[in-house]
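Student: Could you walk me through this structure and show me how each label is earned?
Tutor: Gladly; ask away as you look.

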Amino acid sequence: VMTGRVFLKDRLRQYSYECGPSSQTSSSGSAFVLPVMTSDGRFVAYADIHKRLDRTHTNGIMRVLLYDQLLRNSIVLQEAFPTDASIQGRSMEPVFSGDNQTLTITTGPSEIIGSPLNQCLSLFQVRLVNDDTDHDGLNDAWELAFFGSLEQAANGDFDHDGMSNLQELQAGTNPASGTSRLAATILVDSLTSSSTLAWQATPGTAYRIEYKNGLQDPSWRVLKSNLLAQAEQEVYVDPTPVTNRFYRLIVLP
């Protein structure tokens with residue numbers, strides 16, 4: 001038995017990262033279902049029949065999972081429905097609508113509605129939250145995931161760490177944790193006078209480092225652009241030997 005893995009590749013930033021396992025396939029490949037993505041690149045739907053994401057899943061039945069690149073997590077679609085039904089059937093063949101707002105899957109009815117009158121596969125649609133219904137500049141799904149409501153404002157600072165909620169959304173940091181913020185620590189080598197910048201990063205996010213040799217300088221200069229984070233802690237060394245330099249870190253869209 002081979003275990004598939006689903007990776008996303010950002011061709012612009014030349015970076016790949018894993019969003020979750022795909023279906024576990026037999027040598028015949030009969031259980032394989034290709035992952036599909038919305039045209040805006042936010043959601044990926046893929047099949048899974050092993051328990052890598054869900055340690056309680058041991059029955060070997062295929063499910064469809066939904067990966068959200070904004071929230072960086074995967075959910076089993078059956079668990080998104082308000083039902084006590086056990087996972088007895090199978091889910092497969094995910095299809096996104098043209099407006100990226102709806103996902104259609106074929107699934108065993110017992111997974112969704114409990115005790116069906118037949119054992120045939122049926123079509124179900126999942127409406128995806130991908131908008132800003134209160135028009136505050138914050139994505140609804142992001143607000144609900146971190147705050148549990150839509151009551152926070154874009155210019156608010158829920159965790160009092162000096163970054164606004166909108167800045168936390170753009171930086172990929174946790175707006176509900178005061179220790180999760182975009183801030184660089186600078187260490188200067190006493191022998192080479194080179195500076196090392198270290199910061200808490202979001203994998204897959206691109207950053208630009210700018211500098212000034214004096215605060216009176218009229219504009220910031222680019223030191224490094226399109227620096228793509230590979231891990232949750234990033235480090236960059238400025239090799240220029242200087243005695244005094246000011247830096248700022250910018251998240252690129």
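**How the labels are earned**

Tutor: Let us begin with R127, which counts as exposed at 57% relative accessibility. This is a predicted model, and R127 sits in its strand β9, residues 122–127.

Student: What makes R127 count as exposed?
Tutor: Exposed means over 50% relative accessible area. R127 has 57%, so the label exposed fits.

Student: Which residues does R127 contact, leaving aside its neighbours within four places in sequence?
Tutor: R127 is in contact with D99, Q101 and T102. As for N100, its C-alpha atom is separated from that of R127 by 9.3 Å, and the two residues are 27 apart along the chain.

Student: Let us turn to charges. Why is the pair of R42 and D68 called a salt bridge?
Tutor: The label needs a side-chain nitrogen of Lys or Arg within 4 Å of a carboxyl oxygen of Asp or Glu. For R42 and D68 the N to O distance is 2.6 Å, so the pair qualifies.

Student: What does the pair of R42 and D68 tie together?
Tutor: R42 lies in the loop between β3 (36–37) and β4 (43–48), while D68 is in strand β5 (residues 63–68), so the salt bridge ties together parts that are 26 residues apart in sequence.

Student: Are R42 and D68 buried or exposed?
Tutor: Buried means under 20% relative accessible area. R42 has 8% and D68 has 6%, so both residues are buried.

Student: How many salt bridges does the structure hold?
Tutor: It holds four. Among them is the one between E210 and R208, with the closest N and O atoms 2.8 Å apart. Another joins the side chains of E210 and R248, at 2.6 Å from N to O. In that second pair, E210 lies in strand β12 (residues 206–212) and R248 in strand β15 (residues 246–251), so parts that are 38 residues apart in sequence are tied together.

Student: What makes R208, E210 and R248 a network?
Tutor: They are linked by salt bridges. E210 has one with R208 and one with R248.

Student: How do you know which residues of that network are buried and which are partly exposed?
Tutor: The cut-offs are under 20% for buried and over 50% for exposed, with partly exposed in between. E210 is buried at 5%. R208, at 22%, is partly exposed, and so is R248 at 37%.

Student: Why does D159 have no salt bridge?
Tutor: A salt bridge needs the nitrogen and oxygen within 4 Å. The nearest side chain of opposite charge to D159 is R181, and it is 7.5 Å away, so the cut-off is not met. D159 is nevertheless buried. Its place is in the loop between α2 (140–147) and α3 (165–171), and among the residues it touches are E168, N174 and S180.

Student: What is the order of the strands in the open sheet of three strands?
Tutor: The order is β13-β12-β15, with antiparallel pairing. β13 (221–228) and β15 stand at the edges with a single partner strand each, so one side of each is left without a neighbour in the sheet. From one strand to the next, the twist averages 20 degrees.

Student: How do you know that β12 and β15 pair?
Tutor: Pairing needs at least two bridges. β12 and β15 have six, so they pair, and they do so in the antiparallel sense. One of the bridge partners is F246 in β15, which is matched with K212.

Student: What makes β10 and β11 a pair?
Tutor: Five bridges join strand β10 (residues 184–188) to strand β11 (residues 195–200), so the requirement of at least two is met. The two strands run antiparallel, and L187 has T196 in β11 as its bridge partner. Their hairpin has six residues between the strands, and S193 there takes a positive phi near 65 degrees.

Student: Why is the aromatic pair of W142 and F147 called edge-to-face?
Tutor: Edge-to-face means planes over 60 degrees apart, in rings whose centres lie within 6.5 Å. W142 and F147 have centres 5.7 Å apart and planes at 90 degrees, so the label fits. W142 and F147 are both buried, and they belong to one aromatic cluster with F146 and F158.

Key: Residues are numbered from 1 along each chain as its sequence is written. This is a predicted model: local features need pLDDT of at least 70, side-chain atom pairs count only at pLDDT 80 or more; totals for chains, interfaces and linings use all residues. Side-chain values use heavy atoms; hydrogens and water are left out. Helices (H or I, at least four residues) and strands (E, at least two) are DSSP runs, numbered from the N terminus. Buried means under 20% relative accessible area, exposed over 50%, partly exposed in between (1.4 Å probe, protein chains only). Lys and Arg count as positive and Asp and Glu as negative; His and the chain ends are not counted. Contact means heavy atoms within 4.5 Å. Axes are lines fitted to C-alpha atoms, for helices over the stretch in contact, and angles run from 0 to 180 degrees between N-to-C directions. Rings of Phe, Tyr and Trp (its six-membered ring) pair if their centres lie within 6.5 Å; planes under 30 degrees apart count as stacked, over 60 as edge-to-face and the rest as tilted.
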